[in-house]
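Got the viewer open? Let's take a short walk through this one, a stop at a time.

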Amino acid sequence: MSDLAQLPTPSLVVDGARVARNVERMGARIAGLGAQLRPHVKTHKAIEVARMQRAAGMRGITVSTLAEARAFAAHGFDDITYAVPIEPGKFAAVTAMVAAGTRLAVLTDDLDVPGPLADAARAAGVTLDVYVKVDCGYHRCGVDPEGAAFLALARRIGEKTPLRLAGIVAHAGHSYKARGAEAVRAVARQERDVMVAAAARLAGHGIPVPVVSVGSTPTATHVDHLDGVHEVRAGNYAFFDLMQVTIGSCTRDDVALSVLAAVVHRDRAAGKVILDAGGIALSKDTGIADPDGVTHYGHLATLEGEPLGLRLTSLSQEHGVAEVRDAALLDRLAVGTRVRVLANHSCLTAAQHATYHVVEGTRVVDRWENHRGW
C-alpha cells in the first residue's frame, strides 16, 4: 500500500468505491426495469470490474476487440458479444474461440457477410450466433429497420447453416448529443421503440427474435421503461466521466477515473502551468464544452479530489496547459505539485494506460491490468 503522491506521473487512477457504487446502481436499475445487463467492457478492460458487474447481475459481456474477448474468456467470461460488425479478416479468430468453448456472438448489417461467414463456421465445425445490427437513429452503422434489407438480412442469417439468428442490436450513440434528462429520455424512447417495432416486424414475417438488445450509458440511465427489450449493453457507467456529467447521466461525485499528473513548468507572467500529461496520457478528446463554451481536455483537482477550478485547454504529446489567473492558486502549483485530471471521456483515457492504480482516498490499495489491444 502506498500514497497517491508517490506514484510516477502520469498514472491512471481509479476510485474503487465509486466504481463499485456505479456498478451496483446500474445493475439494480436494469434489473428493476425487467431487462438483463450485458455491460460493454471496452470502457474498463479490467477483469476486476467485470467481476463486480457479474456480482451485480450481468448476463454476459460486450467487447469491441478480439483481444478483449480473448482476455476475458481466459478469465472465465464465456458469454461474449463482439459488438463491431464482423468482417472476413476476423472470421478465423472468431470461429477458433467458439471452437474452444466460448459463446462469442457477432453482428452484421451487410447482406454479403452471412454466406462466407457460414462457410467459415462450417469449416471450423461450429455454430455461430449472429445479430442483425439496426440503425436506431445514430446513423453510424446498422440497417434501416423499415427497409427491405433488414428482412432480407435476417432471413439470410436464419437460412445459412451453421448460423443462428441471435436477435437484433442497436446503439443510441446520438444520446451523447442530448443535454439533460428529458432530452436523453427522448432518445432512449426512440431507441427502445424502434427496436421493439423492428422485432415485431420480423415476428410478423415468421422470423423469431430471441434477443432485443440496446445500449448506451445515457439512455440506460434515463429510460422510463424497457418493455420489449431483453438486454442493455451500457459500459461507460462503470467509471463515468465529464461528458456524462454534462449530459446529465451522473454527478461529478460519480466520476471514478482520473489521471495523476505533475506540474513541470510554472509561468507567472503568462498565468499558466504545464503538466506532464498530454495527449498520450489523456487522449485528445475534447468532449463537451463547458457552459461558458470553452472546450478542454479535462478538469484539475487536488490529490483528495477537490476541484481546483482549472481545466486543460491545450495538449501536445506529453504536455498539458492550464491557465491559472488566480495568483494565490498559482503560488500553490509549484513545480512538482501533483494534481488529478478528471477525464472527458473515460473509455479513451483508460485505453492510453496499461495499469489502473486503485485508490481509497489518497491511498493506493490495488492495481488492475488494462487488457488493451486488437
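Start by selecting C347: is C347 buried or exposed? This is a predicted model, and in it C347 is buried, with a relative accessible area of 11%.

Keep the cysteines on screen for a moment. The disulfide count comes to zero. C141 is in no disulfide; the nearest cysteine sulfur belongs to C136 and is 12 Å away. C347 is unpaired as well: for C347, the nearest cysteine sulfur is that of C250, 12 Å away. A disulfide here needs two cysteine sulfur atoms within 2.5 Å. As for exposure, C141 counts as partly exposed, at 28% relative accessibility.

Next, select helix α5, residues 114-124. Color P114, G115, L117, A118, A120 and A121, which are buried. Now bring up what those buried residues pack against: helices α4 (91-99) and α6 (148-159), plus strands β6 (103-108), β7 (128-133) and β8 (163-169). Step past the end of α5 and you land on G125, whose phi is positive, near 75°.

Last stop: the empty space inside. The structure holds three cavities of 30 Å³ or more, and the largest has about 60 Å³ of space. To find the largest cavity, select its lining: A188, E191, R192, V214, G215, S216, T219, A220, V223, L226 and V232. Which helix gives the most to that lining? It's α7, with three residues. Both α7 (181-204) and α8 (217-222) supply at least two residues each. Color the lining by class and you get six nonpolar, three polar and two charged residues.

Definitions and conventions: Residues numbered from 1 in each chain as written. Predicted model: local features only at pLDDT ≥ 70, side-chain atom pairs only at ≥ 80, totals over all residues. Heavy atoms only, no water. Buried < 20%, exposed > 50% of the residue type's maximum accessible area, 1.4 Å probe, protein only. Helix = DSSP H or I, 4+ residues; strand = E, 2+ residues; numbered from the N terminus. Contact = heavy atoms within 4.5 Å. 1 Å grid on protein atoms, 1.4 Å probe; cavity = no way out; pocket = protein on both sides within 12 Å on 5 of 7 lines; lining within 4 Å. Points joined across faces, edges and corners; volume = space filled by probe spheres on them. Nonpolar A, V, L, I, M, F, W, Y, C, P; charged D, E, K, R; others polar.
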